[in-house]
Amino acid sequence: MSDHPKNAIAPRFEVLSLQRGLIAAFFANILLNPLLIYGIPGIWDGMGFNGIALSTVISQSGVMIYVLWRILGRDMMQGLQRSEFTPDMVKFKEITAQMLPTSFAIVVMFAGGFVVQFALKGFGEHALAAYGVALRVEQILLLPVLGMTGALLPIAAQNFGAGHADRVRDAVFFCWKLGFILMAVACPMLWFGGGFAMSLFTDNADVIRVGQSYLRVDGFILPIYMMLFAINSLLQALKRPIWTLWIGIYRQGFGVAFFIWIYIGVLDFSIWGVWFGIATSVITGWIVALVVSEKVARDEIGGLWNPQPQGAKI
């Protein structure tokens with residue numbers, strides 16, 4: 001529920017309120033987790049592991065209430081009429097058409113994770129453990145990129161709606177440029193510091209070794225992930241989210257399974273075949289995404305790389 005007021009406030013660029021709410025939730029979790037898990041000695045025994053879940057519910061509910069309060073205090077929300085809260089089925093249909101492809105793309109992403117884990121189980125429990133830890137290390141380094149490409153969506157969508165095709169292109173290219181700068185820092189960290197990062201979470205030598213091998217391969221495709229995330233935001237901004245689903249089905253559905261099978265089943269690679277299969281699916285999915293994004297951009301804003309003014313909606 002807290003995501004809805006976040007999405008309402010982001011296009012208005014009042015991100016400071018969201019930042020304050022999330023920071024407060026962070027510190028609230030630090031205080032509430034031990035309190036709800038272990039309780040108060042001599043008074044209450046706590047809830048155990050369930051306390052973590054309740055702590056999250058409380059902190060995120062606080063964010064939702066705070067951000068809603070900030071939204072309702074804005075000038076655009078003054079003078080609201082009861083009729084404005086009446087469901088508009090036409091609008092609901094439009095929102096659903098934008099929402100469903102993105103939702104199914106997330107389902108496909110989870111399915112791809114299961115395919116990788118199925119392939120890894122043949123290499124032992126340490127391989128599964130290594131992948132789980134290495135994936136978290138990768139995600140930590142991708143967090144700035146996820147925030148940046150997430151911000152691209154409302155910026156590109158607003159300018160597309162206003163007919164400023166040039167600003168949509170500028171936003172995408174600026175996002176990529178900034179992303180490459182971030183990846184220039186992140187990639188060497190995975191290449192040379194992957195083993196150290198793994199050792200922070202486990203002292204098992206096999207887990208560290210396998211996780212380090214994944215991070216070394218992953219370090220080469222981080223910039224491609226960044227571009228893919230930006231393209232997904234662009235396609236959603238141009239109201240063509242269905243393409244994010246098809247790209248996801250190819251990359252995380254078919255591609256992962258097919259290329260892992262090629263490397264392991266046909267070429268008889270070791271566990272490196274799983275990592276190469278993931279990398280190959282990402283790279284080929286990136287190529288597909290570039291072709292699709294240029295085709296959609298040409299239809300909607302006159303093109304992305306070589307814009308044609310006569311085709312732009314300006």
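Here are four short exercises on this structure, each with a worked solution.

This is a predicted model, in which local features need pLDDT of at least 70, side-chain atom pairs count only at pLDDT 80 or more, and totals for chains, interfaces and linings use all residues. Residues are numbered from 1 along each chain as its sequence is written, and side-chain values use heavy atoms, with hydrogens and water left out.

**Exercise 1. The fold**

Work out how many helices and strands the protein chain has.

Solution. Start with the rule: helices (H or I, at least four residues) and strands (E, at least two) are DSSP runs, numbered from the N terminus. Now count. The protein chain has nine helices and zero strands. Written from the N terminus, the order is α-α-α-α-α-α-α-α-α. Then add the box: along the principal axes, the C-alpha atoms fill roughly 70 × 65 × 35 Å.

**Exercise 2. Inside and outside**

Find what percentage of the 314 residues is buried, and what the chain exposes.

Solution. Take the cut-offs: buried means under 20% relative accessible area, exposed over 50%, partly exposed in between (1.4 Å probe, protein chains only). Of the 314 residues in the protein chain, 40% are buried. Next, the surface. Accessible areas come from the Shrake-Rupley method with a 1.4 Å probe; for residues, only the protein chains shown count as cover. The protein chain exposes about 17800 Å². Carbon and sulfur atoms supply 69% of that area.

**Exercise 3. A nonpolar patch**

List the residues of the nonpolar surface patch, then place Met47.

Solution. Patch residues have over 30% relative accessible area and no salt bridge (a side-chain nitrogen of Lys or Arg within 4 Å of a carboxyl oxygen of Asp or Glu). Like charges are joined within 9 Å, nonpolar side chains (Val, Leu, Ile, Met, Phe, Trp, Tyr) within 5 Å. The members are Leu35, Ile40, Ile43, Trp44, Met47, Leu54, Val57 and Ile58. Together they make about 690 Å². Helix α3 (residues 50-72) gives the largest share, three residues. Met47 sits in the loop between α2 (15-38) and α3. Met47 counts as partly exposed because its relative accessibility is 35%.

**Exercise 4. Positive phi**

Where do Lys239 and Asp268 lie, and are they buried or exposed?

Solution. Take Lys239. Its phi is positive, about 60 degrees, although Lys239 is not a glycine. Lys239 lies in the loop between α7 (205-237) and α8 (242-266). Its relative accessibility is 53%, so Lys239 counts as exposed. Now Asp268. Its phi is also positive, near 60 degrees, in a residue other than glycine. Asp268 is in the loop between α8 and α9 (272-301). Asp268 has 66% relative accessibility and therefore counts as exposed.
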